[in-house]
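Open the model in your viewer and keep the sequence panel visible. The tour goes from one selection to the next.

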Amino acid sequence: MDTLARFQLKAEARRFALGYLWWVVEPLLYVAVFYVVFVKLMGNRQADFLVFLAIGKLTFIWFSKTVNYAGNSLVANAGLIGRMDLPKTLFPMAVILECTYRQTAVFALLGLALIIDGHLPNAYWLWVLPLVAVEALLIVLCGFIASVLVCIKRDFAL
């Protein structure tokens, strides 16, 4: 799983001119768009709204992209599955691992941005560990369900 995930990451990075930089730029663009809409256009003046927005949007991106990619993983590898006797869970788990590796870089940048913004680590930051673990379990569960549903009916890929 780990090897397959790392090979996919390297292949994806080689496909684009910005390579690994896209892992960070794409989620930041999502946050920037929501920031412009909610803060600049709608005039939201709540304290630390950008922090709230970034944390919420980046965790949702991790969930939605991972479940979407995991859902399509069995269909995308149907030829390989037909030729070799491999555990079917290998492909969704490799995709989940790949997306988690990519998102780890984004979360590291988010942590650095929080520290620079003055939100220094304290005891409350320890709550991140169980929250990430719960979200990871939810992603695995939803990713497996999505991969089965997409095999049954391709409409679920959307």
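Select Phe38 first: its relative accessibility is 31%, so Phe38 counts as partly exposed. Add Phe34, which is also partly exposed, at 30% relative accessibility. Both residues sit in helix 2, four residues apart, which places them about one helical turn from each other. This is a predicted model.

Next, show the aromatic rings; the whole structure holds four aromatic pairs. Phe34 and Phe38 form a stacked pair, because their planes are at 20° with the ring centres 6.0 Å apart. Add Phe49 and Phe52 to the selection: ring pairs join them with Phe34 and Phe38 in a cluster.

Now go to Trp62 and Phe107. Their ring centres are 5.8 Å apart and the planes are at 85°, so this pair is edge-to-face. Trp62 belongs to helix 3 and Phe107 to helix 5, so the pair ties together parts 45 residues apart in sequence. Trp62 is buried, at 4% relative accessibility, whereas Phe107 is partly exposed, at 24%.

Which residues should be selected for the largest nonpolar core? Pick Val31, Val39, Phe49, Val51, Leu53, Ala54, Leu58, Ile61, Val106, Leu110 and Leu114, eleven residues in all. Helices 2, 3 and 5 each give two or more residues to this core, and helix 3 gives the most, with six. Zoom in on Leu110, which touches Ala54, Ile55 and Leu58, leaving aside residues up to four places away in sequence. A second, separate core has seven residues, among them Met93, Val95, Ile96 and Cys99.

Finally, colour by pLDDT. The chain's mean is 88; helix 1 (residues 2-15) has the lowest confidence, with a mean of 78, and helix 6 (residues 128-152) the highest, at 95.

Definitions and conventions:
Residues are numbered from 1 along each chain as its sequence is written. This is a predicted model: local features need pLDDT of at least 70, side-chain atom pairs count only at pLDDT 80 or more; totals for chains, interfaces and linings use all residues. Side-chain values use heavy atoms; hydrogens and water are left out. A nonpolar core is a set of buried Ala, Val, Leu, Ile, Met, Phe, Trp, Tyr and Cys residues joined through side-chain atoms within 4.5 Å. Buried means under 20% relative accessible area, exposed over 50%, partly exposed in between (1.4 Å probe, protein chains only). Contact means heavy atoms within 4.5 Å. pLDDT is the predictor's confidence in each residue, from 0 to 100. Rings of Phe, Tyr and Trp (its six-membered ring) pair if their centres lie within 6.5 Å; planes under 30 degrees apart count as stacked, over 60 as edge-to-face and the rest as tilted.
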